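Biologist: Could you take me through one part of this protein slowly, as if I were new to reading structures? I would like a close look at a single strand and what surrounds it.

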Amino acid sequence: MAKGSAAVSFRAPKGVPEYVPPLSAHFQAVRETLITTIRNYGYSHIELPMFEDTGLFARGVGESTDVVTKEMYTFSDRSGRSLTLRPEGTAGVMRSVIEHNLDRGQLPLKLTYAGPFFRYERPQAGRYRQLQQVGAEAIGVDDPALDAEVISMADSALRSLGLRGYRLELTSLGDQTCRPAYRESLQAFLFDLPLDEETRRRAEINPLRVLDDKRPEVREMTADAPLMLDYLSDECRHHFESVLRILDTVGVDYVVNSRMVRGLDYYTKTTFEFVHDGLGAQSGIGGGGRYDGLMEVLGGQPLSGIGFGLGVDRILLACQEEGCVPGSEAHCEVFGVPLGEAAKETLIPLLADIRGAGIRTDMVFGSRGMKGAFKAADKSGAVLALVVGENEMANGTVVVKDLRTGEQHEVVQSEVTSTVSRTLQA
Ligand code: HAM
């Protein structure tokens, strides 16, 4: 540092969680487990831009949503384009599908994605400004069986982590044939209430959102509000009943929540949320639904779609709450202990060979004494230590020490990989 310049200390931006070891291993294991389940249902990975044209989200997510009006990270680039850090994944997937004609092949088109999303929300436990999702979208087939598959896929992804303390809530939001009549009667009901100015305005723009108001007095006033489920067209009702029947058949538990309100405007028909009771206010660990008009709104064919986003940050918190955090294994299984500098040259190729057999290895670096080296081996969490000193170098051997029992024996160097593999499998 230049003389006289003050030391500066930086911190991660407010509301942005960081996953450093050992928590990072758990975070990664949660994300991998979710992705693995989704890939087993035939979904292909899609890697999307972290930022897009601001208009994509304004049109796709909805001009009147909190996400668009209050939470977007929007900036101009050097040529004056308005860009926005993606607040969610569905609009970007649709844009990419249209741009690359991915919808011209076999349908449904099944895509999965994972990564960070950005929302300028008020930070609190489980609510972050950079949040991580694993998402899935199935595009192009309007079949209740697909809704049921998407929902049970999300359910089995959560269950494969060992989670049990959550419930699946679902409802139908109807479509353009029945929603306008519902909207009208909900507005008529709300305009009769003594609502404050702001809530009244909300009732004009997006009346459904008033049903999501957390204030007890508003909840009380809206307790008898008309419900979308009573206004569904025959087609939407049959679709919803069919989804419920298939979920019953495959044994996925659910509760119908006719007052569910999602924060994004594109939803139609089946809409769902996974709610975990151990997480306090930020209890939504995943959510999704159909969005049958979205593709057309974004300039594509009138294809339907259904998908979800699972919140990895909150799912990790839920795993901690339930005591089923994955990824607890030590960072290595075999730890090399060279006694002296020359021993490193013998040990390094042996460890490389073991690593080549798919076994995680690490070793002591720097010049530690024998005591320090064994302490490092113990702390590493490895099962086996490989020790090479002057005797072993002279004899062409290695001492394999079982760190669980303290037992050790000498092995010829050419046989060390097979010995290690056998011992770890035993
Ligand atoms: P969403 O409900 O806005 O849906 O987000 C999905 C999940 O992301 C939530 O259930 C929650 O677990 C997590 N999440 C959202 N905001 C935050 C936050 N501020 N901090 C921590 N976690 C958060 C969507 O984003 C849709 N794109 C899902 C979808 C896909 N619908 C159809 N296809």
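Modeller: Happy to; here is a walk around strand E14, with a short look at the domains and at one annotated site afterwards. Please keep in mind that this is a predicted model.

Strand E14 covers residues 384–388, and 5 of its 5 residues are buried, so the strand is largely enclosed by the rest of the structure. Buried here means under 20% relative accessible area. Take the two faces in turn: Leu 384, Leu 386 and Val 388 are buried on one side, while Ala 385 and Val 387 are buried on the other.

Now look at the strands that pair with E14. Strand E12 (residues 334–338) pairs with E14 in the parallel sense, over 5 bridges. Here Val 337 stands opposite Val 387 of E14. Strand E15 (residues 397–402) pairs with E14 in the antiparallel sense, over 4 bridges. In that pairing, Asp 402 of E15 is the bridge partner of Leu 384.

Stepping back, the protein is divided into domain 1 (22–177 + 233–322) and domain 2 (334–425). The centres of these two domains, taken over C-alpha atoms, are 47 Å apart.

Finally, the annotated site. An unreviewed UniProt entry marks a "binding site" that includes Glu 88, Thr 90 and Arg 119. Glu 88 is buried, at 4% relative accessible area, and a polar atom of its side chain lies 3.2 Å from the backbone nitrogen of Thr 90. Arg 119 also counts as buried, at 15%, and among its contacts is Glu 88.

Notes
Residues numbered from 1 in each chain as written. Predicted model: local features only at pLDDT ≥ 70, side-chain atom pairs only at ≥ 80, totals over all residues. Heavy atoms only, no water. Buried < 20%, exposed > 50% of the residue type's maximum accessible area, 1.4 Å probe, protein only. Pairing = 2+ DSSP bridges. Domains from an automatic or database assignment. UniProt positions renumbered as here; feature names shortened; annotations may be inferred. Polar contact = N/O pair within 3.5 Å; in protein donor to acceptor, adjacent residues only side chain to side chain. Contact = heavy atoms within 4.5 Å. Lists of a residue's contacts leave out its neighbours within four places in sequence.
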